[in-house]
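Please find below my notes on the model you sent round. They are meant to be read with the structure open.

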Amino acid sequence: MKPAKFMFENIHQYFLQFLPNLSARAWEPLTELLVVKSYKKGEIISDLGAVNKWVSFIEKGAVIAFDLSDRKKTVYEFFFEHQFTGDYESFLTSRPANYGIEALEDCELYHLHFNSLQKLYERFPEYERIGRLIAEAQFLRVTQKNAKLMGEKPEERYLNLIKEREELIQRVPQYYVASYLGVTPEALSRIRKRLVSK
């Protein structure tokens, strides 16, 4: 059953950050295209290596983006409530996804199919603007993260993570935090002990 439209308030507010004058005329058709789905903790939302046809807004819960390097799960990024997630490169190019998406907690997501987004672009130019602004924001986030990973020592990366993303430290298992920082769980444990002793 389709939820009441007021349940889409969080994604509506997200879009209004990028385009405050988004009209009701343009907003209403989007609500008809969103697919609502729940996932249990540990459930795969989007498969690594498969073409990703959906972009997803997290209404509730947390997810990880991961790849499998040498058969070992490596965490690429974390996403929480009121953020979009998905392999955007695969979504835009129809190529196999470079990483998978997995529910870190029980989640509720709003999915928008690629074809539905194209229809919105055709009917409402404001969505093209929103799409570009969201893509630019994602690009800057990834660029800044990569710069930090290359330019900072592991302890600095961990300190900045605590400072900038406190929620992540509280909600994510330490072995995933270690993977995200590019260190082993043992190395992260030593970093935390050194910080406590200071």
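The points below cover a sheet, two nonpolar cores, some aromatic pairs and two acidic residues of this predicted model.

1. The sheet. Four strands form an open sheet in the order S2-S7-S4-S5, and the pairing is antiparallel. Strand S2 (44–46) and strand S5 (72–79) are the edge strands; each has a single partner, so one side of each has no neighbour in the sheet. On average, neighbouring strands are turned by 35° against each other, direction ignored. As background, strands of a sheet pair through backbone hydrogen bonds, either parallel or antiparallel.

2. Strand pairs, going across the sheet. S2 and S7 run antiparallel and are joined by 2 bridges; here Ser46 has Ile101 of S7 as its bridge partner. S4 and S7 are also antiparallel, with 4 bridges between them, and Val63 stands opposite Ala103 in S7. Strand S4 (residues 63–69) pairs with S5 over 7 bridges, again in the antiparallel sense. In that pair, Phe66 has Val75 of S5 as its bridge partner, and Asp67 faces Thr74 in S5.

3. Side chains of S7. In a regular strand the side chains alternate between the two faces of the sheet. In S7, Gly100 and Glu102 point one way, while Ile101 and Ala103 point the other way. Are these residues of S7 buried or exposed? All of them are buried, Glu102 included.

4. The helix across the sheet. Helix H8 (residues 174–181) lies across S4, S5 and strand S7 (100–103). Relative to S5, helix H8 runs at about 90°.

5. Glu77. This residue lies in strand S5. Its relative accessible area is 2%, and the cut-off for buried is under 20%, so Glu77 counts as buried. The side chain of Glu77 makes a polar contact with the side chain of Tyr180, at 3.5 Å. Which residues does Glu77 touch, leaving aside its neighbours within four places in sequence? They are Val63, Ile64, Ala65, Arg141, Lys145, Arg165 and Tyr180. I would look at Glu77 and Tyr180 together in the viewer, given their side-chain contact.

6. Asp70. Asp70 is found in the loop between S4 and S5. The hairpin of these strands has 2 residues between them, and Asp70 takes a positive phi near 55° there. At 78% relative accessibility, Asp70 is over the 50% cut-off and therefore counts as exposed. Asp70 and Asn10 are 60 residues apart along the chain, and their C-alpha atoms are separated by 38 Å.

7. The nonpolar cores. The largest nonpolar core has 27 residues. Ile11, Phe15, Leu22, Trp27, Leu30, Phe84 and Tyr127 have the most contacts inside it. Two or more residues each come from helix H1 (9–18), helix H2 (24–33), strand S3 (54–60), helix H3 (88–93), strand S8 (107–113), helix H4 (114–123) and helix H5 (125–151). Another core, of 21 residues, lies apart from this one, and Phe66, Leu161, Ile169 and Ala187 are among its members. In soluble globular proteins, nonpolar side chains tend to be buried together.

8. Phe84. Not counting residues up to four places away in sequence, Phe84 touches Ile11, Tyr14, Phe15, Val55, Ser56, Phe57, Phe79, Ile134 and Gln138.

9. Aromatic pairs. The whole structure holds 15 aromatic pairs. In one of them, the rings of Phe15 and Trp27 have centres 6.0 Å apart and planes at 75°, so the pair is edge-to-face. Phe15 lies in helix H1 and Trp27 in helix H2, so this pair ties together parts that are 12 residues apart in sequence. Phe15 and Trp27 are both buried. The rings of Phe15 and Tyr127 have centres 6.2 Å apart and planes at 75°, so this pair is edge-to-face as well. The pair links distant parts of the chain, with Phe15 in helix H1 and Tyr127 in helix H5, 112 residues apart. Tyr127 is buried, as is Phe15.

10. The aromatic cluster. One aromatic cluster is formed by Phe8, Tyr14, Phe15, Phe18, Trp27, Phe57, Phe84, Tyr110, Phe124 and Tyr127. Phe15, Trp27, Phe84 and Tyr127 of this cluster are also among the residues with the most contacts inside the largest nonpolar core.

How values were computed. Residues are numbered from 1 along each chain as its sequence is written. This is a predicted model: local features need pLDDT of at least 70, side-chain atom pairs count only at pLDDT 80 or more; totals for chains, interfaces and linings use all residues. Side-chain values use heavy atoms; hydrogens and water are left out. Two strands pair if DSSP finds at least two bridges between them. Axes are lines fitted to C-alpha atoms, for helices over the stretch in contact, and angles run from 0 to 180 degrees between N-to-C directions. Contact means heavy atoms within 4.5 Å. A nonpolar core is a set of buried Ala, Val, Leu, Ile, Met, Phe, Trp, Tyr and Cys residues joined through side-chain atoms within 4.5 Å. Buried means under 20% relative accessible area, exposed over 50%, partly exposed in between (1.4 Å probe, protein chains only). A polar contact is a pair of N or O atoms within 3.5 Å; within protein, one must be able to donate a hydrogen and the other to accept it, and residues adjacent in sequence count only if both atoms are side-chain atoms. Rings of Phe, Tyr and Trp (its six-membered ring) pair if their centres lie within 6.5 Å; planes under 30 degrees apart count as stacked, over 60 as edge-to-face and the rest as tilted.
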